[in-house]
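Morning, everyone. Let's take a quick look at how this chain packs. Structure up, please.

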Amino acid sequence: MSGRDGVRMDDQEVADLLQDNLKVQVASIGRDGAPHLSTLFYVVRDGCIAFWTYAASQKIRNLERDPRVSALVEDGTDYFELRGVSITGKAEILRDHDSIFEIGSAVAVRMVGATTLDDLGELGRSMVEKQATKRVAVVIRPDHVATWDHRKMA
């Protein structure tokens with residue numbers, strides 16, 4: 001095996017990479033057609049990257065107008081350490097409180113390295129509840145996924 005096939009990751013390797021990392025770079029399309037890039041904390045929900053963000057944010061205005069999205073999770077410093085997952089697809093914006101709270105809670109728990117929302121205490125739960133009233137959740141539904149793990153080249 002050589003070239004792209006030689007560095008492609010299998011499903012378990014992708015799952016491990018997504019578990020090992022906390023941030024995703026998300027690109028939406030601005031009104032003028034230019035890419036709008038932002039970095040967000042994420043979780044994996046039903047095999048898809050999910051995050052929450054402010055409902056009035058530029059990325060949400062862009063995704064309301066055009067749901068096409070690109071996302072990148074990568075790590076490594078040296079060329080022969082690089083590995084990543086690049087996803088193109090459609091953004092599904094969730095506006096119901098239960099979904100926003102569920103995804104927001106999972107993101108908050110993951111951000112601080114906790115196990116459950118209860119680990120954040122009453123103050124943490126209260127903060128997530130308050131934020132959920134101002135935010136939406138987004139699930140990226142993939143159309144195409146590209147992966148690479150340059151460690152396989154060594």
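First, a term: a nonpolar core is a set of buried Ala, Val, Leu, Ile, Met, Phe, Trp, Tyr and Cys residues joined through side-chain atoms within 4.5 Å. Buried means under 20% relative accessible area, exposed over 50%, partly exposed in between (1.4 Å probe, protein chains only).

Two housekeeping points. This is a predicted model: local features need pLDDT of at least 70, side-chain atom pairs count only at pLDDT 80 or more, and totals for chains, interfaces and linings use all residues. Residues are numbered from 1 along each chain as its sequence is written, and side-chain values use heavy atoms, leaving out hydrogens and water.

Now the core. The largest one has 21 residues. Val24, Val26, Ile49, Val73 and Ile140 have the most contacts inside it. Who supplies it? Helix 2 (11-20), helix 3 and strands 1, 4, 5, 6 and 7 each give at least two residues. Helices (H or I, at least four residues) and strands (E, at least two) are DSSP runs, numbered from the N terminus.

Another core lies apart from that one. This second core has 16 residues, among them Ala50, Val109, Val128 and Val139.

Back to Ile140. Which residues does Ile140 touch, beyond four places in sequence? Val26, Cys48, Ile49, Phe51, Val69, Ala71, Ile87 and Lys90. Contact means heavy atoms within 4.5 Å.

Next, helix 3, residues 58-65. Its buried residues are Lys59, Ile60, Asn62 and Leu63. Down the axis, they fall within an arc of 160° (directions from the helix axis to the C-beta atoms), so they line one face. They pack against strands including strand 1 (23-29) and strand 7 (135-149).

Last, Phe41, in strand 2 (35-41). Phe41 is partly exposed, at 32% relative accessible area.
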